[in-house]
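Welcome! Take a look at the sequence and the structure, then work through the exercises below at your own pace.

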Amino acid sequence: MDISDSPEESTFRVTVRQFIEDNLHSLVSSRGASADNVDTLKHAQSVLYSGGLVGVTWPKEYGGAGGTVVQQLIINEELDRAQAPRLIGWMGVGLCGPAIITHGTGEQKSRYLTNILTGEEIWCQLFSEPGAGSDLAAVATKAVPTEDGWVLRGQKVWNTGAHWSDYGVALARTGSPEDRHRGLTAFVVDMSAPGVTVRPLREMTGHAAFNEVFLEDVELPANAVLGEVGQGWAVALTMLMNERFVVGGDGSTYGAGPGALTSEVRKALPQLSESSRELVLQEYAACWIEALACRMTGNRLISRVSQGGEPGPEGSVGKLALGALLKRVGSLGLSLQGETAVFAAAPDGTNHWQNVAMFAPGLSLAGGTPEVMKNILGERILGLPPEPRVTASPALTTSPTASRDGA
């Protein structure tokens with residue numbers, strides 16, 4: 001594995017860096033934006049797309065650049081270096097779009113893919129359910145065929161960005177529950193369709209990135225099926241593998257790594273006793289070592305994919321390790337703040353480490369819990385006996401008209 005830039009990649013990096021510098025005002029102005037200024041975030045994505053920096057690995061026929069995974073990594077690194085915000089449409093570009101490219105019809109590719117890249121239409125994933133937890137094969141949302149298409153009924157939860165999404169990919173049961181993953185079908189859902197209700201979930205960070213989505217007799221056209229009827233599991237695997245690649249493929253993302261600890265450690269050291277100073281430095285070094293391990297694991301995954309391979313178990317390893325690392329980094333950052341750490345923000349108004357510590361549990365759950373990741377690695381990589389499966393109980397459905405305090 002060679003992690004240095006080739007001459008061509010160095011040239012590409014210079015081009016990317018120059019474009020970002022030329023357009024930095026448009027990009028950075030959207031940093032910290034929320035659901036209240038979605039248009040600003042969409043504009044930032046359109047600016048990046050105009051420079052060929054969105055969907056660089058997508059085929060040219062679908063609006064991409066036909067580039068390499070390494071080029072995408074270079075773009076990520078340069079955006080991070082410029083402290084530009086994350087794409088508002090990252091789920092569409094990283095998860096839903098690749099699923100449409102792999103499983104979609106020609107009509108679906110023509111209709112959706114370019115708008116995903118430009119940020120004109122934002123997408124979300126509608127997989128998790130209250131009664132299924134991480135057992136995705138136990139989803140209970142039903143799709144019933146009609147003369148013109150399908151009717152969707154059920155409830156989804158922990159749907160990132162659903163409150164500002166135009167479309168979602170939903171996994172629904174079209175067979176019997178006993179069929180497990182063989183009785184599932186994937187659908188493209190218009191989030192503005194009658195019967196779709198989105199209720200944001202307020203997190204302990206104070207933000208509301210996740211949502212509950214209620215699907216009450218949502219009418220879908222026949223061409224809303226993504227892939228084949230009864231083959232939704234294949235669509236789900238495509239999206240989940242890409243999600244773990246996005247989350248765990250590059251251990252330097254999320255802007256909260258040990259690098260951000262440097263100034264915090266530097267400020268705190270003079271005020272610490274000699275014994276405390278040694279403990280802080282030891283923990284700081286441990287965070288650096290774990291971050292480097294995450295980075296190298298991510299690079300190994302990127303190297304595999306850049307050579308034509310599929311996202312493999314490194315994605316699960318990276319996601320598992322990155323979740324643990326973020327908790328460790330957040331804990332050290334808070335401990336260095338002393339008594340201030342118990343407040344929502346420091347006297348100067350900053351609350352970076354409070355947010356890191358409170359966001360860390362969410363990252364651990366995104367794309368599969370640590371227990372799911374360990375099962376994947378144990379069963380599929382180490383060849384251990386599978387864990388006993390049980391049939392999940394029916395989903396505990398909450399009416400969308402119930403308390404909306406979380407919104």
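**Exercise 1. Find the salt bridge between E78 and R17, and build outward from that pair**.

Solution.
Step 1. The side chains of E78 and R17 meet in a salt bridge, with N and O 2.7 Å apart. The term stands for a side-chain nitrogen of Lys or Arg within 4 Å of a carboxyl oxygen of Asp or Glu.
Step 2. Place the two partners: E78 sits in helix 4 and R17 in helix 1, so this link joins distant parts of the chain because they are 61 residues apart. Helices (H or I, at least four residues) and strands (E, at least two) are DSSP runs, numbered from the N terminus.Step 3. Keep in mind that this is a predicted model, in which local features need pLDDT of at least 70 and side-chain atom pairs count only at pLDDT 80 or more, while totals for chains, interfaces and linings use all residues. Residues are numbered from 1 along each chain as its sequence is written, and side-chain values use heavy atoms, with hydrogens and water left out.
Step 4. Now look at R13, which also forms a salt bridge with E78; the closest N and O atoms are 2.8 Å apart. R13 lies in helix 1 and E78 in helix 4, so this pair ties together parts that are 65 residues apart in sequence.
Step 5. Check the burial of each member. Buried means under 20% relative accessible area, exposed over 50%, and partly exposed in between (1.4 Å probe, protein chains only). E78 counts as buried because its relative accessibility is 2%. R13 is buried too, at 16%, whereas R17 is partly exposed, at 28%.

**Exercise 2. Find the salt bridge of E212, and say which strands it joins**.

Solution.
Step 1. The partner of E212 is R199, and their side chains meet at 2.6 Å, N to O.
Step 2. E212 belongs to strand 7 (residues 210-221) and R199 to strand 6 (residues 196-201), so the bridge ties together parts 13 residues apart in sequence.
Step 3. Both E212 and R199 are buried.
Step 4. Returning to the earlier trio, salt bridges that share partners join R13, R17 and E78 into one network.
Step 5. The salt bridges come to nine by this rule. Why can such pairs form? Side chains of opposite charge can pair when their charged atoms come close.

**Exercise 3. Which residues touch the most other members of the largest nonpolar core?**

Solution.
Step 1. A nonpolar core is a set of buried Ala, Val, Leu, Ile, Met, Phe, Trp, Tyr and Cys residues joined through side-chain atoms within 4.5 Å.
Step 2. The largest one has 48 residues, and W58, W123, F127, V169, L226 and M239 touch the most other members.
Step 3. Among the elements that each supply at least two residues of this core are helix 1 (7-22), helix 4 (69-81), strand 5 (184-190) and helix 7 (232-248). Helix 5 gives the most, with eight residues.
Step 4. Follow the contacts of W58, where contact means heavy atoms within 4.5 Å. Not counting residues up to four places away in sequence, W58 touches a list including G64, G92, P98, I101 and L117.

**Exercise 4. Is V169 buried or exposed, and what surrounds this residue?**

Solution.
Step 1. V169 is found in strand 4.
Step 2. V169 counts as buried because its relative accessible area is 0%.
Step 3. Across from V169, V188 is 19 residues away in sequence, and the two C-alpha atoms are 4.8 Å apart in space.
Step 4. Leaving aside neighbours within four places in sequence, V169 is in contact with residues including C96, W123, F127, L226 and M239.

**Exercise 5. Where is S165, and which backbone oxygen does its side chain reach?**

Solution.
Step 1. S165 has its place in the loop between strand 3 (149-157) and strand 4.
Step 2. The side chain of S165 reaches the backbone oxygen of G161 at 2.7 Å.
Step 3. At 10% relative accessibility, S165 is buried.
Step 4. Apart from neighbours within four places in sequence, S165 is in contact with I122, W123, C124 and M191.

**Exercise 6. Which residues form a nonpolar patch on the surface?**

Solution.
Step 1. Patches are made of residues with over 30% relative accessible area and no salt bridge; like charges are joined within 9 Å, and nonpolar side chains (Val, Leu, Ile, Met, Phe, Trp, Tyr) within 5 Å.
Step 2. I381, L382 and L384 form such a patch, with about 310 Å² of accessible area together. Accessible areas come from the Shrake-Rupley method with a 1.4 Å probe, and for residues only the protein chains shown count as cover.
Step 3. I381 lies in helix 12 (residues 370-381), and this residue counts as partly exposed at 45% relative accessibility.

Note on methods:
A polar contact is a pair of N or O atoms within 3.5 Å; within protein, one must be able to donate a hydrogen and the other to accept it, and residues adjacent in sequence count only if both atoms are side-chain atoms.
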